[in-house]
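The following exercises concern a single protein chain. Each task is followed by a solution that proceeds step by step.

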Amino acid sequence: MEAMQQAPDGAHDPEDPHPLSAVAGRPLSCPNHEGKTMEFYCEACETAMCGECRAGEHREHGTVLLRDVVEQHKAALQRQLEAVRGRLPQLSAAIALVGGISQQLQERKAEALAQISAAFEDLEQALQQRKQALVSDLEAICGAKQKVLQTQLDTLRQGQEHIGSSCSFAEQALRLGSAPEVLLVRKHMRERLAALAAQAFPERPHENAQLELVLEVDGLRRSVLNLGALLTTSATAHETVATGEGLRQALVGQPASLTVTTKDKDGRLVRTGSAELRAEITGPDGTRLPVPVVDHKNGTYELVYTARTEGELLLSVLLYGQPVRGSPFRVRALRPGDLPPSPDDVKRRVKSPGGPGSHVRQKAVRRPSSMYSTGGKRKDNPIEDELVFRVGSRGREKGEFTNLQGVSAASSGRIVVADSNNQCIQVSAFPVLP
């Protein structure tokens, strides 16, 4: 047997009785029989053994020479090695992808933090500016009112002082003055007292003390406490699915729709919106057009596009830059007149039991109550009693409707139904009675 290359320390199975580091460069010794070399291989037990082991516990097993199977097992291990090593580029790509998303998340976190800080700094500055404006207005209003009142007070106090001093002088002259002195000041005092008695004083207030602050802070506080929101979802592209007729077929010049339902990494439905969903349609000539996305805010998104030319279209749906399950989708664009009847339409064709020209309607088998019926006594409804043909059911898939807005029938046997909730128009074949 060729000598094995010695492996680094720890590069062997701890349960293996023959680590490579112990047997490299020399024949393998049997651990059960001292001095015996392992020259045989038991395929049933997948182990090497010596001659005594072969004659003993492995005597009923199929054994071969060890050297005969070494190359075979080396080739098998080499294939396994190459298969495992082939996963390294995939893991490297995955590491780069996930690492990029992690780095992007950190960058967006830093951007959001900077925006939050800037926004609230602006708000604080605006609050300070408004505070200073209110204080300035307060000082101006109070100053103007106080100036008017102070002027009035000065006038009243001056009048009070004049009257008081004149009265005191007159009283003192009457009480202490001699007759000649009284006569000398009589004329002056009379004129003075008469002038003071006739003088008008501003006894009614020239201003008022009204000054109230109207400050609606409760609503502002609530607004501030609820200011801003962080939008995110746990949706992943590899679990997100797209459904609808618009994934397979479209009519030229008519809107085609599909629904994207977002899911998280465990396949659970995501109930919130705002995911970064983009879609584009590529025509047969290579022209690319963006597909509008309607966010229903519940984890589902509606995509509506219109094929311009017939042929094969390529519909690409990306969630956070990654293709959703099955994307890109190959869509066949047909002209309205080239649309073949579906197998379901063919199965629903019903012929009248009468001959040509007969107008006898076939009495339908009474149907069981549906999930929408209220039970109780059956109503006398000729449509229910003599139903000939029924189209569609409730739902969002092909042949299903949720909110019919208009129905039109043609003599060619086709029915065109407009459904607003599904945002589509479906064409069905009607059974032409002979």
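**Exercise 1. The surroundings of Leu258**

Task: Leaving aside neighbours within four places in sequence, determine which residues are in contact with Leu258, and place Leu258 within the nonpolar cores.

Solution. The model is a predicted one. Beyond four places in sequence, Leu258 is in contact with Ala242, Thr243, Gly244, Gly246, Leu247, Tyr301, Glu302, Leu303, Tyr305 and Leu315.

Next, consider the core. The largest nonpolar core has 27 residues, and those touching the most other members are Leu258, Val260, Leu303, Tyr305, Leu315 and Val317. At least two residues of this core come from each of the strands E4 (236-243), E6 (255-263), E7 (277-282), E10 (300-306), E11 (311-319) and E13 (329-334). E11 provides the largest share, 4 residues. Another core, of 8 residues, lies apart from this one; Phe40, Met49, Cys50 and Cys53 are among its members.

**Exercise 2. Covered and uncovered strands**

Task: Establish how many residues of E4 are buried and how many of E16 are buried, then describe the pairing of E4 with E6 and of E16 with E17.

Solution. Begin with burial, for which the cut-off is a relative accessible area under 20%. In E4, 6 of the 8 residues are buried, and the strand is mostly covered. In E16 (residues 404-409), by contrast, the count of buried residues among 6 is 0, and the strand is hardly covered.

Then examine the pairing. E4 and E6 run antiparallel and are joined by 4 bridges; within this pair, Thr243 has Thr259 of E6 as its bridge partner. E16 pairs with E17 (residues 414-419), also in the antiparallel sense, over 5 bridges. Here Ala409 stands opposite Ile415 of E17.

**Exercise 3. The two sides of helix H3**

Task: Decide how the buried residues of H3 are arranged about the helix axis, and identify the strands against which they pack.

Solution. First, the dimensions: H3 comprises residues 66-85, 20 in number, and spans 27 Å from its first C-alpha to its last, close to the expected 28 Å.

Second, the buried residues of the helix are Leu66, Val69 and Val70. Viewed down the axis of H3, they fall within an arc of 115 degrees, so they line one face of the helix.

Third, these buried residues pack against strands E1 (40-42), E2 (47-49) and E3 (63-65). The face turned away from the buried side carries the exposed residues Gln72, Arg79, Glu82 and Ala83.

**Exercise 4. Backbone exceptions in loops**

Task: Locate the cis peptide bond between Ser327 and Pro328, and state where Lys297 and Tyr320 lie.

Solution. A point of reference is needed: most residues other than glycine have a negative phi, and most peptide bonds are trans.

The bond from Ser327 to Pro328 is cis, with omega near 0 degrees. Pro328 is placed in the loop between E12 (322-323) and E13, and Ser327 is found in the loop between E12 and E13. With a relative accessible area of 14%, Ser327 is buried. Not counting residues up to four places away in sequence, Ser327 touches Leu315, Ser316 and Val317. Its C-alpha atom is 5.6 Å from that of Ser316, 11 residues apart along the chain. Leu315 and Val317 were met in Exercise 1 among the core residues that touch the most other members.

Turn now to phi. Lys297, in the loop between E9 (293-295) and E10, has a positive phi near 65 degrees. Lys297 is exposed, at 60% relative accessibility. Tyr320, in the loop between E11 and E12, has a positive phi of about 55 degrees. With a relative accessible area of 33%, Tyr320 is partly exposed.

**Exercise 5. The chain as a whole**

Task: Summarise the secondary structure, burial, contact range and accessible surface of the protein chain.

Solution. The chain has 8 helices and 18 strands. Of its 434 residues, 22% are buried. Among contacts with a separation of 6 or more, residues 24 or more positions apart account for 53%. Finally, the accessible surface comes to about 31,500 Å², and carbon and sulfur atoms contribute 54% of it.

Key: Residues are numbered from 1 along each chain as its sequence is written. This is a predicted model: local features need pLDDT of at least 70, side-chain atom pairs count only at pLDDT 80 or more; totals for chains, interfaces and linings use all residues. Side-chain values use heavy atoms; hydrogens and water are left out. A nonpolar core is a set of buried Ala, Val, Leu, Ile, Met, Phe, Trp, Tyr and Cys residues joined through side-chain atoms within 4.5 Å. Buried means under 20% relative accessible area, exposed over 50%, partly exposed in between (1.4 Å probe, protein chains only). Contact means heavy atoms within 4.5 Å. The expected span of a helix is 1.5 Å times one less than its number of residues. The arc is that of the directions from the helix axis to the C-beta atoms. Accessible areas come from the Shrake-Rupley method with a 1.4 Å probe; for residues, only the protein chains shown count as cover. Two strands pair if DSSP finds at least two bridges between them.
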